[in-house]
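Below are my notes on the model you sent. They cover the ligand site, one of the sheets and two backbone details.

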Amino acid sequence: FSTAVAFEEPITPPVQIDYTQLLINGQFVDSTSGKKFPTLDPRTGDVIAHVAEGEAEDVNQAVSAARKAFDEGPWPKMTAYERSRIMLRFADLLEKHSDHIAALETWDNGKPYEQAANEEIPLLIRLFRYYAGRGWADKIHGLTVPADGPYHVQTLHEPIGVAGQIIPWNFPLLMYAWKVGPALACGNTVVLKTAEQTPLSALYVSKLFHEAGLPPGVLNVISGFGPTAGAALASHMDVDKLAFTGSTDTGKIVLGLAAKSNLKPVTLELGGKSPVIVCEDADVDTAVELAHLALFFNQGQCCCAGSRTFVHERVYDEFIEKAKALALKRVVGDPFKKGVEQGPQIDSEQFKKILKYIRSGIEGGATLESGGERFGSKGYYIQPTVFSNVQDNMLIAKDEIFGPVQSILKFKDLDEVIRRANMTRYGLAAGVFTQNIDTANTLTRALKAGTVWINCFDIFDAAIPFGGYKMSGQGREKGIYSLNNYLQVKAVVTPLKSPAW
Ligand code: ADP
């Protein structure tokens with residue numbers, strides 16, 4: 001099998017690395033231990049930069065800065081209007097520097113520059129504006145509650161305090177936005193741990209946030225590893241809330257650490273094995289194209305990737321032919337190059353894991369329609385791979401592969417596909433392709449997933465809640481739903497006439 005573009009020497013990224021230290025209390029500082037770790041270029045495996053490695057002591061310092069900024073102000077004590085103005089100024093700076101930011105994201109992560117610049121950075125900007133003045137920061141308020149008895153009852157919606165946030169490498173900046181945006185809009189302070197594979201862009205944009213007027217200590221950014229920095233944050237006694245995005249196995253660990261320490265509430269956004277269901281009456285061309293996007297977007301490194309494509313037997317053969325043709329046409333190459341749709345996988349660990357799954361698909365008897373091997377001889381590129389004739393019990397149909405591997409399964413009727421689509425420990429998202437409103441309604445209600453996209457996929461507007469059923473997570477991010485994660489409700493009861501007894 002061949003892919004569209006031959007491998008070439010990597011393009012020199014059009015940016016310098018400005019910030020590699022930890023960001024604590026508004027200052028860039030070295031780690032206490034002085035340790036550093038390399039962050040690698042997925043195109044080559046070469047070192048981009050050495051960044052400060054935060055560990056438990058650095059997390060302590062960041063948490064106490066965030067604690068002070070929360071307890072003594074100014075952040076929660078500022079008017080919501082002032083907070084929202086800082087967030088809006090930050091969004092303006094993101095817009096101004098978006099070329100630079102997109103280049104950093106591409107360099108550290110490997111995603112196509114055009115995807116980062118044209119799709120992801122605009123979402124990042126939109127999200128901060130959504131949660132700032134034109135969105136929520138100054139519109140958070142409680143209720144007046146009619147209660148029995150001569151009492152005036154009201155609820156205050158207060159920030160929780162110091163939020164610890166742990167994010168993954170697949171969308172470094174979007175995950176930053178989904179976490180930091182609502183937490184700060186609600187008046188909390190934050191200690192964020194970035195993923196060890198992609199520490200760079202969060203440092204850069206956080207510097208911009210401070211330029212926009214963010215007071216010191218409100219947002220602290222720690223680069224470092226999970227079992228050290230991440231675990232220290234999850235188990236910290238002075239962190240009031242934990243938000244985590246990553247694998248289901250690590251989600252279980254951080255939930256345990258939160259429970260064992262101070263019972264901080266936890267939101268989790270975890271893995272998935274999302275079904276895409278193509279019904280017999282679907283517009284096949286649209287379904288092929290969007291099922292392709294659902295899986296291959298971001299090199300297949302999406303927690304909601306449509307990684308089980310169920311196709312009705314009547315359109316199955318046509319779908320396979322077209323899905324294969326599209327995969328063969330997919331442009332793989334240097335993510336800085338114009339027109340490239342697929343860059344390298346994030347690192348050698350993921351690269352090897354994906355190739356192992358591809359082998360298991362072949363050995364398990366699925367039909368390899370396209371791809372199946374690495375692309376080029378350098379870096380972590382993998383050919384867009386399509387399997388047909390996939391069976392439910394195969395590993396490629398059960399495990400989250402997190403790579404450019406589309407698995408196509410055949411079905412006969414709706415009841416059957418509902419049962420099979422739900423036959424997973426995950427429940428993050430689902431896609432449905434049909435022109436029949438009854439079919440769409442039936443599937444929407446029956447699928448156990450936090451998002452159902454009908455005749456579309458991967459729509460990530462800031463206002464739309466996102467999160468999982470079952471082992472795909474707990475809680476929702478984005479939209480008004482995310483505010484609940486970062487607010488306490490205080491009931492205040494006052495007698496109408498004192499004394500009331
Ligand atoms: P992946 O396998 O995709 O890298 P992980 O769940 O391991 O996903 O990583 C997501 C985030 O969780 C990263 O920031 C990582 O450093 C962090 N992490 C990994 N292990 C732990 C841990 N034991 N405690 C806290 N955070 C962790």
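1. Which side chain has an N or O atom 2.7 Å from an oxygen atom of the ligand? In this predicted model, the side chain is that of Glu-196. The protein covers 84% of the 550 Å² of accessible area that the ligand has on its own.

2. Two further polar atoms of the protein should be checked beside Glu-196. Ile-167 places a backbone N or O atom 2.8 Å from a ligand oxygen atom. Trp-169 takes part through its side chain, with a polar atom 3.1 Å from an oxygen atom of the ligand.

3. As for the wider surroundings, 18 residues lie around the ligand. Those that come nearest are Ile-167, Lys-193, Glu-196, Ser-247 and Thr-250. Ile-167 and Glu-196 therefore appear both in this group and, within the 3.5 Å cut-off for a polar contact, in the pairs described above.

4. By residue type, the shell around the ligand holds 9 nonpolar, 7 polar and 2 charged residues. The pocket in which the ligand sits is the largest.

5. Which elements supply at least two residues each to the shell around the ligand? They are the helices α7 (226-234) and α8 (248-260) and the strand β10 (241-245). The most comes from α7, which gives 4 residues.

6. Turning to the sheet, three strands form an open arrangement in the order β5-β6-β20, and their pairing is antiparallel. Strands β5 (144-145) and β20 (487-495) are at the edges, each pairing on one side only.

7. How many bridges join β6 to β20? There are 9, and the two strands run antiparallel, with β6 spanning residues 151-159. For a point of register, look at His-157, which stands opposite Val-489 of β20.

8. The first backbone detail is a cis peptide bond, which leads from Gly-73 to Pro-74 and has omega near 10°. Pro-74 belongs to the loop that connects α1 (56-71) with α2 (80-96).

9. The second backbone detail concerns Gln-299. This residue is not a glycine, yet its phi is positive, at about 65°. Gln-299 is placed in the loop between α9 (284-296) and β13 (306-312).

Technical notes: Residues are numbered from 1 along each chain as its sequence is written. This is a predicted model: local features need pLDDT of at least 70, side-chain atom pairs count only at pLDDT 80 or more; totals for chains, interfaces and linings use all residues. Side-chain values use heavy atoms; hydrogens and water are left out. A residue is near a molecule or strand if one of its heavy atoms lies within 4 Å of it. A polar contact is a pair of N or O atoms within 3.5 Å; within protein, one must be able to donate a hydrogen and the other to accept it, and residues adjacent in sequence count only if both atoms are side-chain atoms. Accessible areas come from the Shrake-Rupley method with a 1.4 Å probe; for residues, only the protein chains shown count as cover. On a 1 Å grid over the protein atoms alone, a cavity is a set of points where a 1.4 Å probe fits but cannot get out, and a pocket is an open set with protein on both sides within 12 Å along at least five of seven lines; lining residues have an atom within 4 Å of a point. A molecule sits in a cavity or pocket if more than half of its atoms lie within 2 Å of its grid points. Ala, Val, Leu, Ile, Met, Phe, Trp, Tyr, Cys and Pro count as nonpolar, Asp, Glu, Lys and Arg as charged, and the others, Gly among them, as polar. Two strands pair if DSSP finds at least two bridges between them.
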